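Reader: Hey, got a minute to walk through a model with me? I'd like to go over it piece by piece.

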Amino acid sequence: MRKRIEEVLDQINIAHLRHRKINTLSGGEKQRVAIGAVLTLQPKILVLDEPTSQLDPQAAEEVLTTLQKLNSDLGLTIVLSEHRLERVVQYADRILYLPGQGGRPLLGSPREVLSQVDLMPPLVKLAKKLDWTPLPLTIKEGRRFARSLSLPSPADAAEPEAGGNGRGARNALLLMEDLWFSYNGNEALKGINLSVGPGELVALMGRNGSGKTTLLKHIVGLIRPARGRVQLWGQDIKGTEVQSIARKVGYVPQDPGSLLFADTVREELEFTLRSHNLSGARYDDLLQSLQLSGLLDSYPRDLSGGERQRAALAAILVADPAIILLDEPTRGLDYYQKQALSQFLSQKKAEGKAIIMSTHDVELVASCAERVVILGEGQIVVDGPARKVMSDSMVFSSQVNKLFGDDRLIVVEDVLRAIAQ
Ligand SMILES: Nc1ncnc2c1ncn2[C@@H]1O[C@H](COP(=O)(O)OP(=O)(O)OP(=O)(O)O)[C@@H](O)[C@H]1O
Ligand SMILES: [Mg+2]
C-alpha cells in the first residue's frame, strides 16, 4: 500500500502536499487529493463526477492523461461526467448524453454523439457552422480545415485593444497595494498590486494553489493583509467589518453551498434583498439569465451542483453589487448556462460594475473578459489584455486561438465575423 500511495502522489503531482491538513488545501488541491485517494484503492471501475471542474488546465491534462494510461495499460474502466467537453472528448471511447427532462439518452462514439447534440465545445461548434467533415474532435484534426480557410491578413482587421493594468488606476473601485499574506508561515500572496475600475471584467487565472481565492477573500475582508492595503472607493478597508463591505461587494465563494441556508431559492433571494433594504425589488431578468425560474421553490441543498452554483450566484447578484467577485463560477454549468452567465456579466460590465472572476475556464474567459491577471505562487506574473495574454500562453489559450494562432481569433464568433468580411 505504501508503494502504491507514493506512486499515486507522483502520478497526480501532489507529493508536495503529503503533510498538509485537508482543510487548509485550495479547492483544486482538494480535488486532486480526492482523485488520488480513490486511485490508491486500485479499483477495477472508476466513476468520477466532474473530476476536473476545479483543476487548472495543466492539472486537468495531467489527471486525464494519468487516467488514460490506467485505462490503456491496466484496463481500468472509467466513467466520468463532464461539462467541459473540450477537455475530455479526445480521451473518451464513448459518450453517453443525457438530455434531461425525460428526453432519450444517446450513446455512441464522440463523433456520432457530438454531431447530433447541441451541447458542444467551441471547436465542434465552429466545425459544424463551417460544415467540416469528418467532424474534428481535436485541435490537430481541426488544423487541417483551419488552414484551408482564407481569412483577412492581420493588418486588415487590427482592432484597438482595451484592458491591461492601470486603466482603472485613477478612478479605481478597488486598489490593492503591496499586499502580503501567509497562512502559518506559508506565503500565499507576495506583494500584490492591482487596480480595477468601473466597467472592467478581470479574469483571475493561475495554477491550483497560486493564491486566487486568498486574493478575493482580501477584497471582502474575510482575510486581512499581513502587509499592504486594500482600498475600496479610495477608502482603506482596514477596520471595516465584513458585513458592511458585503453591502457593496458581492462575493460568491468557490464552494457555493456554504452560502445557501434558506428553505427555498426564493427565500435566499428575498433574504439578500431584505438585508440590503431592497425588499420588493424585481429580479425576473436575473432568474432568466441564470435559468432559475423553475427552481424558485426548490430546497437549495437538494439541487444539482450546477443548480446550486446558479442559486448562489442569484442570491448574491440580486442585490446588484457594484463590485462582483466570483470564485470559479462555472463549475457544473453547461455551455448554454455559461453563455447566459457570460452575457449577464457583460451587461453588468456595461452598467459600470467592476467584476473579478477567478476561473480555470479558458473558454469562459475568451467569451467575456477583456483583461486577464495570472497569478503564480502568490505573485501577479501577467496582467494584460485577454486576447494578448491568451494567445501568448500555451496553457491559457482557447480552442479557437490554438487552432488559428492569431490573437484576433479567440472565440467562434470572431472566426465567423472574419470570414464574412
Ligand atoms: N486555510 C489555509 N491554511 C493553510 N494554507 C492554506 C489555507 N488556504 C489556502 N492555503 C494555501 O495557500 C495557497 C493559496 O491558496 P488559494 O486557495 O488562494 O489558491 P487558489 O489559487 O484559489 O487555488 P485553486 O485554483 O485550487 O482554487 C495554497 O498553497 C494553499 O494550499
Ligand atoms: Mg481557489
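Author: Sure, we can take the metal site, then a sheet, then a hairpin. Keep in mind that this is a predicted model.

Reader: Okay, which residues coordinate the magnesium ion (ligand 2)?

Author: Thr 213 does so through OG1 and Gln 254 through OE1, at 2.0 to 2.3 Å. Thr 213 lies in helix H9 (residues 212-219), while Gln 254 is in the loop between strand E10 (249-252) and helix H11 (265-275), so the pair ties together parts 41 residues apart in sequence.

Reader: And is Gln 254 buried or exposed?

Author: Gln 254 counts as buried because its relative accessibility is 14%, under the 20% cut-off. Thr 213 is partly exposed, with a relative accessible area of 22%.

Reader: Switching to the open sheet of four strands, what's the order?

Author: The order is E6-E5-E8-E9, with antiparallel pairing. Strand E6 (186-196) and strand E9 (235-236) are the edges, each pairing on one side only.

Reader: What does H9 touch there?

Author: H9 packs on the sheet and touches strand E5 (174-183), E6 and E8, and its direction makes about 125 degrees with that of E5.

Reader: How many bridges join E8 and E9?

Author: Two, in the antiparallel sense, with E8 covering residues 227-232. Leu 232 has Gln 235 in E9 as its bridge partner.

Reader: Last one: what do E13 and E14 form?

Author: A hairpin, with two residues between the strands. E13 (residues 371-376) and E14 (residues 379-385) pair antiparallel over six bridges, and Gly 376 stands opposite Gln 379. In the turn, Glu 377 has a positive phi of about 45 degrees.

Terms used: Residues are numbered from 1 along each chain as its sequence is written. Chains are lettered from A and ligands numbered from 1 in the order in which they are written. This is a predicted model: local features need pLDDT of at least 70, side-chain atom pairs count only at pLDDT 80 or more; totals for chains, interfaces and linings use all residues. Side-chain values use heavy atoms; hydrogens and water are left out. Donors are N, O and S atoms within 2.8 Å of the metal (3.2 Å for Na, K and Ca); water is not among the atoms, so sites may look incomplete. Buried means under 20% relative accessible area, exposed over 50%, partly exposed in between (1.4 Å probe, protein chains only). Two strands pair if DSSP finds at least two bridges between them. Contact means heavy atoms within 4.5 Å. Axes are lines fitted to C-alpha atoms, for helices over the stretch in contact, and angles run from 0 to 180 degrees between N-to-C directions.
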